[in-house]
Each structure stands twice: as structure tokens, then as C-alpha cells.
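These are my notebook entries on a structure that I had not examined before. I set down what I looked up, entry by entry.

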Amino acid sequence: MVNTELFKDPAIANKLSRQIRHYIRGPLRLMEVCGTHTVAIFRSGIRSLLPEEITLLSGPGCPVCVTAVEDIDRAIAIAGHPDVILATFGDMMRVPGSTSSLNEEKAKGRDIRVVYSPMDCLKIARENTDKKVVFFATGFETTSPSVAATTIESLGLKNFYIFSVHKLVPPALTALLSASDVRVDGLILPGHVSTILGIRPYEFIASRYQMPAVISGFEPVDILQAIYMLVLQINRKRPKVEIQYSRVVYPDGNPKAIRLIDMVFKPVDTNWRGIGVIPESGLKFKDEFSSIDAEKNFDIDIPLSKEPKGCSCGDVLRGVKIPTDCPLFAKACTPEHPIGACMVSTEGSCAAYYKYSGTDIG
Amino acid sequence: MDRILLGHGSGGRLMHQLIGDYLAPGFDIKTLDDAAVLDNINHNRIAFTTDSYVVDPIFFPGGDIGSLAINGTVNDLCMVGARPLFITVGLIIEEGLEVNDLKRVLSSMRNAAKNADVRVVAGDTKVVNKGKADRIFINTSGIGILEDGIDISGSRAVVGDRIILSGPIGNHGIAVMSEREGFVFEPPVYSDTRPLNRLCLEMLSFTKEIHAMRDPTRGGLATTLKEIANASGVGITIDEESIPIDPGVKGACDILGFDPLYVANEGILVAFVRPDIAEALLDKMRNNPYAKEARIIGEVIEKPEGTVLLQTAIGGRRIVDMLSGEQLPRIC
């Protein structure tokens with residue numbers, strides 16, 4: 001058993017902070033790919049422990065933020081069928097679609113429920129046999145194995161469907177690293193996703209793009225150590241993908257979970273909110289599971305979806321802008337009245353900047 | 001805003017907007033403390049408050065809707081320094097509620113009233129069609145009296161005040177949530193619902209110089225501190241390490257992605273007092289079984305006005321804002 005208190009120890013944190021200051025040689029732009037990291041960084045006050053030379057940028061790793069407007073519109077359309085109970089994760093409720101959100105639809109009387117696990121939907125389906133229960137499934141490789149397991153578990157239920165808008169992290173990183181306007185010196189890679197994937201799917205980051213990367217845990221000391229490892233890699237000019245979170249992440253990941261994903265889903269080109277279509281970056285059901293696929297069983301033709309005007313979520317998710325660069329930030333767009341998805345999710349970078357004021361109080 | 005959303009009842013920013021935009025101005029209510037203080041009612045000063053209880057589920061570890069409805073209103077009166085005396089109870093019952101459940105709730109209310117030394121003196125009962133309420137909703141109103149020389153308000157915190165927190169945070173919210181969702185946390189988490197009048201009486205018999213006092217319920221400790229910083233036009237700095245959190249609550253928050261600073265409480269208070277009496281008051285409070293873990297968690301500073309700063313466990317600093325929307329679990 002690991003003593004997790006060590007990963008919050010102020011003495012160790014301070015030592016790492018001093019080491020980072022000692023070894024840093026110039027301005028660095030480091031991207032934390034995962035929204036959970038963004039929140040942990042703000043919540044623990046890590047920014048105030050880092051030297052001025054380091055700029056931390058939030059990446060595309062917030063599943064709520066990258067769910068396309070048309071997918072929200074489709075979920076709303078599904079929820080509009082009179083005999084449907086739509087279930088989803090709590091964070092999806094407030095994401096604005098073209099004209100409404102699931103929360104607003106619920107207030108209008110649609111049966112939309114928040115669940116904590118996809119398996120909860122099976123209970124709802126068994127208890128409501130006169131209704132069609134649809135799970136609106138979002139998330140990365142951390143969530144898709146449990147949705148795949150739910151799919152297999154649900155075979156035999158006649159009133160259960162899944163609308164899958166799952167996304168994959170490595171293709172998004174490829175898109176990010178090949179874009180000409182993205183300036184990043186190192187990546188802090190998501191720990192949870194890596195417990196599933198292991199290290200291999202990330203190796204192209206160093207081999208093809210010569211970009212230093214460290215898979216990091218979520219405690220303050222984890223993140224500081226990952227930043228320290230990045231600084232050393234950058235100094236040595238020998239980019240590689242390293243694991244800081246070795247107490248949880250194994251090089252081969254979780255082969256059983258990967259097999260489950262492969263059994264149920266196939267990769268498809270998918271639209272990421274604010275970013276655009278990324279090849280083979282989404283997961284849809286294989287044909288043998290079409291009886292559960294909501295897209296094959298519901299009429300979800302929707303009018304052309306609209307991205308909100310002036311919203312900079314796309315640039316924020318690629319680290320090209322920080323939230324305070326957006327003209328809508330904290331003016332038209334606030335957590336109470338979000339315009340872009342990055343302001344909605346608790347793990348969205350705009351929400352984190354807003355909540356913690358985005359200021360480095362030194 | 002076309003429709004009321006659940007977030008408007010969360011105790012956070014949306015609710016403040018609703019109250020500020022529609023409710024307070026409509027009734028010309030100027031101070032938004034836990035209870036109204038009414039001067040010169042037959043030569044007495046009286047505190048008056050009301051609160052409605054719609055908790056789901058109605059029975060949860062450590063309490064139920066009945067004890068909550070008594071304790072909550074008792075505590076609201078205490079937070080302005082009043083001695084609670086009388087409570088009225090309004091019941092809205094959904095058709096089909098089992099009589100045994102109603103008996104359990106009423107018996108719990110009776111015990112809670114006895115424990116808090118208040119009398120339930122009037123009541124009302126309504127029954128609505130199935131589906132028009134959720135088992136039972138309870139409204140309680142309460143009256144208490146204030147001694148001379150007590151002037152406690154969220155707007156009276158002054159620079160230099162020390163902030164005393166009476167006990168660990170987050171227990172109520174996590175207990176209700178664990179019952180509702182069927183989660184089991186280790187060690188188990190129980191609601192902290194309990195009356196704070198004896199504790200407050202002991203505090204006020206020690207000193208009447210308490211500037212501000214609140215029980216951080218919905219919206220959690222963070223929202224309460226932010227409210228006081230705003231109302232008093234001061235800054236507040238608190239130390240994360242000094243805030244007691246039970247291991248079960250900590251574990252639950254880690255797993256669900258909650259920040260314990262925003263999780264609801266029903267049996268703790270924060271008090272703002274002069275620095276020279278803070279330690280002595282703290283010693284006094286710790287003799288009360290409901291405040292054994294009382295701690296000084298921070299102090300009032302001049303600037304930045306209306307801002308709460310948190311010294312984090314690893315030595316960093318960050319801003320603490322009001323609860324925004326509802327606190328929701330992480331999904332990745």
C-alpha cells in the first residue's frame with residue numbers, strides 16, 4: 001500500500017519546487033493534457049510554487065469540453081422521444097447545445113437522469129420496461145472499458161441503448177502536435193488513461209515529434225515531479241515518454257480493458273468541439289452490437305448545429321490561447337451561464353480559471 | 001433565465017443571484033443573515049427565521065428529514081446569537097407515504113426538539129397527489145430572543161478577526177449522497193445534523209464580542225466564507241491543513257472528485273472573533289462535545305476585499321470562490 005500522504009508533503013513539494021527553479025534554463029510551455037490535472041494544479045496552488053519561466057497550458061483532455069455541439073443536440077433529440085429515459089454523467093447536463101442543454105430539457109419535463117456508473121442504467125432499464133433507456137456515453141479510454149462491459153452485460157435487455165461519443169486520447173495528441181500554431185515544449189500525460197493504455201500508444205510523441213512527455217499522477221507531488229522530469233528531459237535534449245505515476249501505470253497498461261474496448265467498439269473519424277474532425281479518434285459500436293446502438297435505433301436527424309459565436313474553446317483546448325485571452329471569458333461566459341463547454345465541466349480549463357481567478361498569487 | 005434549474009437551489013452563486021434579483025428587493029430585505037433580528041418587539045429583540053426541508057432520501061446515516069428540520073432552524077436562530085424558543089412545523093405529505101415512516105419522522109422531530117430545548121407550538125398538514133411531492137417536505141419556522149449587547153452578522157467581520165471552525169467538514173453532504181446513490185465509504189460517514197444552541201450559549205456567556213457567525217450548510221464552508229468576505233468587505237485567508245476532515249469524507253471526495261470545502265454541513269459553525277480572545281474562546285468551545293475538534297482556521301485581512309485565499313497543504317496559495325452550479329462528480 002502506498003502512503004498517499006507523501007504525495008501531499010509540503011517538504012517534498014518545496015524541494016521539487018527548488019529543484020525546478022535550479023535546473024530551468026529558459027521559458028517553457030508545458031501542457032497538462034488532462035482536465036483532472038488542470039483542476040489538481042489549481043486546487044493545490046502548484047502555480048504559485050513554479051518559477052515564472054513555466055507556463056502551464058490546459059489540453060484537450062476534458063471529455064465534456066470536447067463533446068461536439070451536434071452530439072449534445074442529438075442527445076437532446078433522443079431525450080425528446082416521449083418513451084425515452086436518457087441517462088448520462090452529471091457534467092454533461094449543463095453543456096450548451098445549439099439552443100438548449102440537457103439540464104434545461106429536464107426542467108421542461110424530459111426524463112433525464114444523472115448516473116455515476118453506466119451499470120446504473122441497467123437497473124433503470126429493468127425497473128422501467130415500458131420505457132427505452134438510453135445512456136449518453138462520453139469519456140476517454142478510462143470510461144470506454146466500463147461502457148463496453150455494460151454493453152455485454154446488457155445483451156438480452158430489449159429496452160436499453162447506448163449513444164456512444166467516446167473519444168481516444170492518442171489521435172488527439174497527433175492532431176495537436178502536427179498543428180503549426182501549437183507551441184508546446186513538453187506534455188504532462190494523463191495518468192488514468194495511461195493505466196488502460198500503458199506507454200506504447202504514446203511513444204510516437206517522442207519518436208515522431210521529438211516532444212518530451214511524462215505520464216503523471218494527480219497528487220501535488222506527482223505533478224511537481226512530472227514537471228521536474230520534463231525540465232531535466234528538455235535540458236538533456238533527449239525527448240522520451242517517461243512514467244512518473246509508476247505506482248499505478250504499467251508499461252503494458254490493462255490488456256483486459258483494451259480487449260474489451262476492441263471487442264465492442266471500432267475507431268471512427270470524430271468531430272471534437274472547437275477542434276474539428278480528427279481521424280480515427282472516436283469509438284462507435286461494431287456492427288454486431290447495432291441492436292444497442294442508439295444511432296441505429298432512433299431518429300436523430302437534427303438541424304445543422306451551431307458553435308457559439310466568439311467562443312475560443314477550440315484554441316483553449318489546443319493550448320493556443322489561455323482562457324483569459326477569450327473575449328467572452330468571465331463576461332458573457334460564466335459557470336452559471338456557460339457559452340463554451342470549457343466553462344461547463346468542473347474539469348474544463350475556463351471553469352478552473354474562473355473559479356480560481358486564473359491569477360498566480362505568489 | 002426562462003426557467004428555474006436545480007442549481008438555483010444549490011446554495012451557491014445561482015441561488016444568490018435569484019435572491020438578489022427577485023426575492024430580497026421584492027420584500028425590501030436588506031440583510032441576508034441566517035435569521036432576521038427584529039428590534040423593539042414589546043421591548044425585546046427577537047430573531048425570526050424559516051427553512052424548508054426536501055432532502056432525498058428522507059432517512060440517511062446519522063439523521064432524517066425530521067431531526068434536520070428542527071436542528072436546521074434552531075441553528076439558523078443561533079447564528080445571530082439568539083436563544084431559540086419556539087418552532088412551527090408545516091408538513092407537505094405525498095399521498096401514499098407509509099404511516100410508519102411519518103411516525104418515525106415525527107418521533108425524530110420530537111426528540112430533536114427536546115434535545116435542542118425548543119417547543120413545537122403550532123403546525124399545519126397538507127397532503128398532495130402522488131408524484132406532486134417526494135414523500136414528505138417539511139417547513140419549520142422559529143423564534144428566539146436576543147440578549148442585549150449581542151450584535152452578530154455576516155457583515156461585521158473586521159480585519160484581524162480570527163476564524164474558528166467548530167468541527168470537521170463535509171459529513172452531511174457525503175452521508176446523504178452515499179445513502180442516495182448506494183455508495184459505501186470506509187470508514188462510514190454520518191450526517192453531523194445537531195443543534196448548536198448549547199454551544200452558542202456557552203460561547204456567548206464567555207464573550208459577546210463575536211462579530212460574525214454562520215453554519216456552513218448548502219454550498220459548504222467555501223461559500224459561507226465567501227459570503228462573509230463579500231458582506232463585510234474584507235479579505236479572508238485560511239489554512240487548508242488546519243481544516244479538519246474525517247477520513248471517510250476525504251476518501252469519498254477523492255473518489256468522486258468533490259472539493260470538501262463545498263460539501264454541505266448541518267452541525268458546525270464558523271465564528272469570527274477578536275484575536276486576543278480567540279484562543280481562550282477556542283478552549284472553552286472544545287469542552288462542548290459538538291466542538292471537540294474546533295480549530296482556528298484563518299483570519300480576516302484587509303485586501304483583496306471580498307476574496308477568500310487558501311494556503312494549500314503543499315504551501316501554495318489559491319483563491320476560494322463560491323459554489324457554482326451543483327457540485328458534480330468527475331467523469332474521467
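**Entry 1. The domain interface in chain B.** I looked first for polar contacts across the interface of domain 1 of chain B and domain 2 of chain B, and eight residue pairs qualify, both residues of each at pLDDT 80 or more. I note at once that this is a predicted model. I then searched the interface of domain 1 of chain B and domain 2 of chain B for salt bridges, and the rule finds zero. For the bounds of the two domains, I recorded residues 35-146 for domain 1 of chain B and residues 162-320 for domain 2. Their C-alpha centres lie 23 Å apart. To the contact, domain 1 of chain B gives 23 residues and domain 2 of chain B gives 24 residues.

**Entry 2. The area between the domains.** I turned next to area, since the size of an interface is often given as the accessible area lost when the parts come together. Domain 1 of chain B and domain 2 of chain B bury about 1,800 Å² between them. Of this area, 59% is on carbon and sulfur atoms. Which three residues supply more than any other three of the area that domain 1 of chain B buries against domain 2 of chain B? I found Pro61(B), Asn75(B) and Met79(B), which together supply 33% of it.

I also listed the elements that give two or more residues to the side of domain 1 of chain B that touches domain 2 of chain B. They are strand 3 (59-60), helix 2 (65-78), strand 5 (83-94) and helix 3 (99-116) of chain B. The largest share of that side, eight residues, comes from helix 2 of chain B.

**Entry 3. Salt bridges.** I counted salt bridges over all chains and obtained 32. I then went through several of them.

In chain A, Lys132(A) and Asp83(A) form a salt bridge, with their closest N and O atoms 3.9 Å apart. Lys132(A) lies in strand 5 (residues 132-137) of chain A, and Asp83(A) in the loop between helix 4 (69-79) and strand 3 (84-88) of chain A, so the pair ties together parts 49 residues apart in sequence. Lys132(A) is partly exposed, at a relative accessible area of 31%, and Asp83(A) is also partly exposed, at 30%.

A further salt bridge joins the side chains of Arg200(A) and Asp252(A), at 2.8 Å from N to O. I placed Arg200(A) in the loop between helix 9 (191-197) and helix 10 (203-207) of chain A, and Asp252(A) in the loop between strand 10 (241-243) and helix 12 (255-264) of chain A; the pair therefore ties together parts 52 residues apart in sequence. Arg200(A) is exposed, with a relative accessible area of 54%, whereas Asp252(A) is partly exposed, at 45%.

In chain B, I looked up Glu227(B) and Arg214(B), whose closest N and O atoms are 2.9 Å apart in a salt bridge. Glu227(B) is in helix 6 (residues 220-232) of chain B and Arg214(B) is in strand 9 (residues 210-214) of chain B, 13 residues apart. Are these two residues buried or exposed? Both Glu227(B) and Arg214(B) are buried. I closed this entry with one network, in which salt bridges that share partners join Asp181(A), Asp315(A), Arg318(A) and Lys321(A).

**Entry 4. Nonpolar cores.** The largest nonpolar core has 72 residues. Among those with the most contacts inside it are Leu86(A), Leu173(A) and Tyr202(A). I followed Leu86(A) and, leaving out residues up to four places away in sequence, found that it touches several residues, including Ile78(A), Leu102(A), Val134(A) and Phe136(A). Apart from the largest core lies another, of 52 residues, among them Phe60(B), Leu91(B), Ile136(B) and Ile150(B).

**Entry 5. Backbone exceptions.** Most residues other than glycine have a negative phi, and most peptide bonds are trans. I therefore recorded the exceptions that I met.

- The peptide bond from Asp56(B) to Pro57(B) is cis, with omega near 5°, and Pro57(B) lies in the loop between strand 2 (44-53) and strand 3 of chain B.
- Lys303(B) and Pro304(B) are joined by a cis peptide bond, with omega about -5°; Pro304(B) is in the loop between strand 12 (295-301) and strand 13 (308-311) of chain B.
- Gln210(A) has a positive phi, near 50°, and sits in the loop between helix 10 and strand 9 (213-216) of chain A.
- Asn42(B) has a positive phi, near 50°; Asn42(B) is in the loop between strand 1 (36-41) and strand 2 of chain B and is exposed, with a relative accessible area of 65%.

Notes. Residues are numbered from 1 along each chain as its sequence is written. Chains are lettered from A and ligands numbered from 1 in the order in which they are written. This is a predicted model: local features need pLDDT of at least 70, side-chain atom pairs count only at pLDDT 80 or more; totals for chains, interfaces and linings use all residues. Side-chain values use heavy atoms; hydrogens and water are left out. A nonpolar core is a set of buried Ala, Val, Leu, Ile, Met, Phe, Trp, Tyr and Cys residues joined through side-chain atoms within 4.5 Å. Buried means under 20% relative accessible area, exposed over 50%, partly exposed in between (1.4 Å probe, protein chains only). Contact means heavy atoms within 4.5 Å. A salt bridge is a side-chain nitrogen of Lys or Arg within 4 Å of a carboxyl oxygen of Asp or Glu. Helices (H or I, at least four residues) and strands (E, at least two) are DSSP runs, numbered from the N terminus. Domain bounds come from an automatic or database domain assignment. Buried area is the accessible area (1.4 Å probe) that two parts lose on being put together, summed over both. A polar contact is a pair of N or O atoms within 3.5 Å; within protein, one must be able to donate a hydrogen and the other to accept it, and residues adjacent in sequence count only if both atoms are side-chain atoms.
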